[in-house]
Amino acid sequence: MSATAADAPAQRVVPSATPVVQVRGASKSFGAHQVLHEVDLDVARGTVTVVLGPSGSGKSTLLRAVNHLEKLDAGYVRVDGELVGVRVAHGRLHELSERAILRQRARIGFVFQGFNLFPHLSVLGNVVEAPVAALGRDKAEVHAEARALLARVGLADKADAYPRQLSGGQQQRVAIARALALRPQLILFDEPTSALDPELVGEVLAVIKDLAAAGATMIIVTHEIGFAREVADTVVFLDAGRVVEQGPPDEVLDHPQHPRTAAFLSRVR
Ligand code: ADP
Ligand code: MG
């Protein structure tokens with residue numbers, strides 16, 4: 001993977017015409033339960049999309065489909081124009097090899113609710129693991145970059161600590177540094193602050209806000225409405241697997257058109 005200026009969240013980039021993420025007609029069932037119903041979603045480069053919706057509405061399934069952790073029954077996802085998980089040959093769809101899927105996934109950062117750090121690796125070890133092991137990048141270069149990323153998330157002095165020695169907020173900031181170490185063109189956040197004590201939420205949201213200001217392309221599932229208002233270019237409201245409403249935060253959050261959006265907002269506010 002070669003990083004371009006647009007990949008590196010170092011400066012605000014001008015959104016280009018081709019969306020980084022294009023979801024079209026995405027449908028997914030688990031057994032008889034249809035969890036996603038023909039979802040369409042575009043995410044322009046350098047923009048932040050916040051996905052809101054009640055528990056069980058399909059938010060995690062949608063993020064997982066973008067990263068090919070979940071396979072769609074119908075529809076498709078493109079990231080940077082490239083189909084996720086499949087390729088077209090002789091007019092037919094063919095599943096990508098496991099290797100090719102890993103390569104696609106390496107371009108996408110994923111930050112989970114539960115941090116998912118490796119407990120047996122130091123903070124620095126967690127950040128350098130994937131770029132060295134999965135991408136085969138130069139170790140010294142990756143280590144230098146990892147230290148810079150740890151400084152960026154306010155953890156320069158924790159490089160040699162182990163996850164169990166850190167607070168939840170610090171662990172989540174390590175997870176963000178780890179995601180950034182892949183130089184992702186897209187970062188997905190699935191309720192990144194839901195597992196945190198309330199007093200630790202702010203430090204994690206501040207890091208994500210900083211990434212947004214630097215032009216990172218992100219999809220963020222969160223129930224933090226105030227944060228959504230500050231950081232989102234687009235808010236998408238998902239209900240029972242359908243996109244019920246989407247638009248700029250001042251429209252969706254302050255003037256919801258759909259009664260389900262209004263009902264949801266009155267519950268979480
Ligand atoms: P959200 O993230 O909005 O809470 P999810 O995408 O996690 O929703 O789940 C949507 C629905 O799909 C839920 O009813 C959930 O129980 C179901 N679901 C998710 N993953 C699986 C799975 N692997 N097997 C069966 N049902 C699942
Ligand atoms: Mg979820």
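In this predicted model, the tour opens at a helix pair: helix 3 and helix 5 cross in a right-handed sense.

**Helix 3 and helix 5**

Select residues 123-133 for helix 3 and residues 168-180 for helix 5; the two axes approach to within 8 Å and cross at roughly 30°. Because angles under 35 degrees count as roughly parallel, helix 3 is roughly parallel to helix 5.

Next, display the side chains where the two helices meet. On helix 3, select Val 123, Asn 126 and Val 127; their counterparts on helix 5 are Val 174, Ala 177 and Arg 178. Coloured by class, the residues of this contact comprise 4 nonpolar, 1 polar and 1 charged.

**The surroundings of ligand 1**

Move now to ligand 1 and select the residues around it. Phe 30, Val 35 and Gly 53 belong to this shell, as do Ser 55, Gly 56, Ser 57, Gly 58, Lys 59, Ser 60 and Thr 61. Which helix supplies the largest share of the shell around ligand 1? Selecting residues 59-66 shows helix 1, which contributes 3 residues, the largest share. A colouring by class divides the shell into 2 nonpolar, 7 polar and 1 charged residues.

**The annotated span**

Finally, select residues 21-265. An unreviewed UniProt entry lists this span as "domain: ABC transporter". In the model, the C-alpha atoms at the ends of residues 21-265 are 26 Å apart. Colouring the span by secondary structure displays a composition of 36% helix and 27% strand.

Conventions. Residues numbered from 1 in each chain as written. Chains lettered and ligands numbered in written order. Predicted model: local features only at pLDDT ≥ 70, side-chain atom pairs only at ≥ 80, totals over all residues. Axes fitted to C-alpha atoms, helices over the stretch in contact; angles between N-to-C directions. Helix = DSSP H or I, 4+ residues; strand = E, 2+ residues; numbered from the N terminus. Parallel < 35°, antiparallel > 145°, perpendicular 65-115°, else oblique. Left-handed = near helix turned anticlockwise from the far one by under 90°. Contact = placed C-beta atoms within 7 Å. Nonpolar A, V, L, I, M, F, W, Y, C, P; charged D, E, K, R; others polar. Near = placed C-beta within 6 Å. UniProt positions renumbered as here; feature names shortened; annotations may be inferred.
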